[in-house]
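Me: I have a structure open in front of me and would like to learn how to read it. Could you walk me through it feature by feature?

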Amino acid sequence: MSKKAHIIFFRPDGEYYFQKGINAYQKGDLYRAHKYIGRAIAFEPNETEYLCQQAAILAELEEYEASIDILNKVVHELDEQLTECYFFMANNYAYLGRFDEALKEVRTYMSLDPKGTFIQEARELYKLLTVESGHFIEEEENYIADHEKGRQALEHGQFDKAVRCFKKVIEDQPLFWAAYNNLAIAYFSQGRVEEAYETLYQVLRQDIGNVHALCNLATFSYQLNDAKKLNQLTAVLDKLHPFYPEHRSKLGSTYFFLEDYEKAYHWLLSAEKAGVYGDQSFYYWLALSSYRTGRMDQAMRAWKKVDFFKGRPFHPYEHGKIQEMLFADDAVNNPMVFSLVDQQLREGETASKVFSLFYLKYLDNEDASQKIEQFRRNLNGEQPLSDIACLLSDNECEDQRLEIMRALEKQFSNGAPIINHYDLYGWWTIVFDITRDEKNLDVSGWAAGLAYLWFKETGQKETQKTVAEMFGTTVYRLKKHIDKLGRILNDYNL
């Protein structure tokens, strides 16, 4: 007896099309995502999850009016508890330039949900809108000013001050999560790892989906090489689909830090399209993520907006990720590397110019050698930079003054250019200049003297005996060069 085949009919429903829409959205295909989510809504017109996702997609497509219509329907007709719709409407109105309406909606959100997920962002938007709409806050809330002081201290590496400021903010505003997240970063930077983790867990106990806290936990685990915890956290991050542009930016920067450049590129580009305020660091993350994923045109577009970190409180060579880029395996082929070095050779201080020359020598390829020679020609004999460039461009040249810097490089960075202490090249340049007529230089004595004074300048407590041993010299010879260097550097106001 023959068996009859059982035919199973496939009937796609709203959930099926919703998941297809989410997949398209994650890939950055907004038009296809819009189409699939629309089909899902056709099956279930009152499913708020579908409607909110469609509103987000429409906002990214810059169809702000249509997004507002959907959000209005959700919060006024379907679920009044979804108060974040007011916040998203405020953003849409702001993009349209309708600041009074945006201000009305953000005030509604803040009054209805003072502990809401987006309360921090809402306060920041409110502050901006009071200026844009012509309404001014008569008295700035003190905790906002304290938080900004803390953020500035954090950016400058003043971690003790940052901790004090953020603690004061938390005392005044116990639910201001941004202060907790920044406090955790300050703690971690001080080596207070347990306090950093506990601060973030405190946030997550009260706001379980806090994107910044989850991202900070991931970056901490990465730095501590805690693979188990990192895998658990990245599994959570991979499931996030942030609506707010700032959260997408945070997610993108986190993946960038974790060196998952494809995901970093996706979320950073998504944040940019959604209207995030992209500062120079944001565009650097986007530029390098684009480069590392083979999107060269996108990389150079973003790199132009980095503008060499002009206006930032740090030098580009002090930026940790810039340092990593300069010494990455692909540095010799990276146009952003050569763009930055060119800019420093044109506009940098003496220390960064000399470091750049040593760095080009370190790359040891034809393009780098040509740049050294071009720099030398443009100087028209200007001393001592012209002599340094000339010596570095001549592979056959031996000069004891160069050996001083080579000894420092060997001690501080295994023979590579000293990016962490690039200012040392400025000090060495002075020694290079004033010893031009000396014969039989005491290379180890000069190197030890520079190192000792540099340790002292940067607050590192190394004894003269220890430093002398580092460079294979005696304490007597070290003291002799410390005295000389002290007088010389004082003459140069260094």
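Reply: We will go from the whole chain down to single residues. Keep in mind that this is a predicted model.

Me: Let me start with the overall fold. How many helices and strands are there in the protein chain?

Reply: A count of secondary structure is a good first look. Here the protein chain has 27 helices and zero strands. Along the principal axes, its C-alpha atoms fill a box of roughly 95 × 70 × 50 Å.

Me: What share of the residues counts as buried?

Reply: Of the 494 residues in the protein chain, 49% are classed as buried. The accessible surface comes to about 25300 Å², and carbon and sulfur atoms account for 47% of that surface.

Me: And how do I read contacts between parts that lie apart in sequence?

Reply: Take the contacts between residues at least 6 apart in sequence, and ask what part of them joins residues at least 24 apart; in this protein chain that part is 56%. For a single case, look at Tyr244, placed in the loop between helix 13 and helix 14 (245–257). Setting aside neighbours within four places in sequence, Tyr244 is in contact with Phe87, Asn91, Phe118 and Glu121. Tyr244 also lies 10 Å from Ala59, C-alpha to C-alpha, although the two are 185 residues apart in sequence.

Me: Is Tyr244 buried or exposed?

Reply: Tyr244 counts as buried because its relative accessibility is 8%, and the cut-off for buried is under 20%. Compare that with His76 in helix 4 (residues 64–78). His76 has a relative accessible area of 54%, so it is exposed. His76 also gives you a feel for distances across the model: its C-alpha atom is separated by 67 Å from that of Gly415, which is 339 residues away along the chain.

Me: Now the charges. How many positive and negative side chains does the protein chain have?

Reply: There are 57 positive and 75 negative side chains, and the centres of the two sets lie 3 Å apart. You can also look for places where like charges gather. On the surface, Asp13, Glu15, Glu44 and Glu49 form a patch of negative charge. One of these, Asp13, sits in the segment before helix 1 (14–26) and is partly exposed, at 40% relative accessibility.

Me: How many salt bridges does a search of the whole structure find?

Reply: The search finds 25 salt bridges. To read one, check the distance between the N and O atoms, then ask where each partner sits. Arg295 and Glu262 are a nice example, with their closest N and O atoms 2.9 Å apart. Arg295 lies in the loop between helix 16 (280–292) and helix 17 (296–306) while Glu262 lies in helix 15 (residues 261–273), so this pair ties together parts that are 33 residues apart in sequence. Arg295 is partly exposed at 27% relative accessible area, and Glu262 is partly exposed at 42%.

Me: Where do Glu373 and Arg376 lie?

Reply: Both are in helix 21 (residues 366–379), three residues apart, which is about one turn of the helix. Their side chains meet in a salt bridge of 2.4 Å, N to O. Arg376 is partly exposed, with a relative accessible area of 26%.

Me: What about the surroundings of Glu105 and Lys104?

Reply: These two form a salt bridge with the closest N and O atoms 3.7 Å apart. Glu105 is buried at 7% relative accessible area, whereas Lys104 is exposed at 52% relative accessibility. Salt bridges can also join up: Glu65, Arg98 and Glu101 are linked in a network of them.

Me: One last feature, the backbone angles. What is the phi of Asn225?

Reply: When you check phi, look for positive values outside glycine. Asn225 has a positive phi of about 55 degrees although it is not a glycine. Asn225 is placed in the loop between helix 12 (211–223) and helix 13 (227–237), and it is exposed, with a relative accessible area of 69%. Asn440 has a phi near 50 degrees, again a positive value in a residue other than glycine. You will find Asn440 in the loop between helix 24 (424–434) and helix 25 (443–457), where it counts as exposed at 71% relative accessibility.

How values were computed. Residues numbered from 1 in each chain as written. Predicted model: local features only at pLDDT ≥ 70, side-chain atom pairs only at ≥ 80, totals over all residues. Heavy atoms only, no water. Helix = DSSP H or I, 4+ residues; strand = E, 2+ residues; numbered from the N terminus. Buried < 20%, exposed > 50% of the residue type's maximum accessible area, 1.4 Å probe, protein only. Contact = heavy atoms within 4.5 Å. Patch = residues over 30% accessible without salt bridge, like charges linked within 9 Å, V, L, I, M, F, W, Y side chains within 5 Å. Areas by Shrake-Rupley, 256 points an atom, 1.4 Å probe, with all protein chains shown as cover. Salt bridge = Lys/Arg side-chain N within 4 Å of Asp/Glu carboxyl O. Lys, Arg positive; Asp, Glu negative; His and termini not counted. Charge placed at Lys NZ, Arg CZ, Asp CG, Glu CD.
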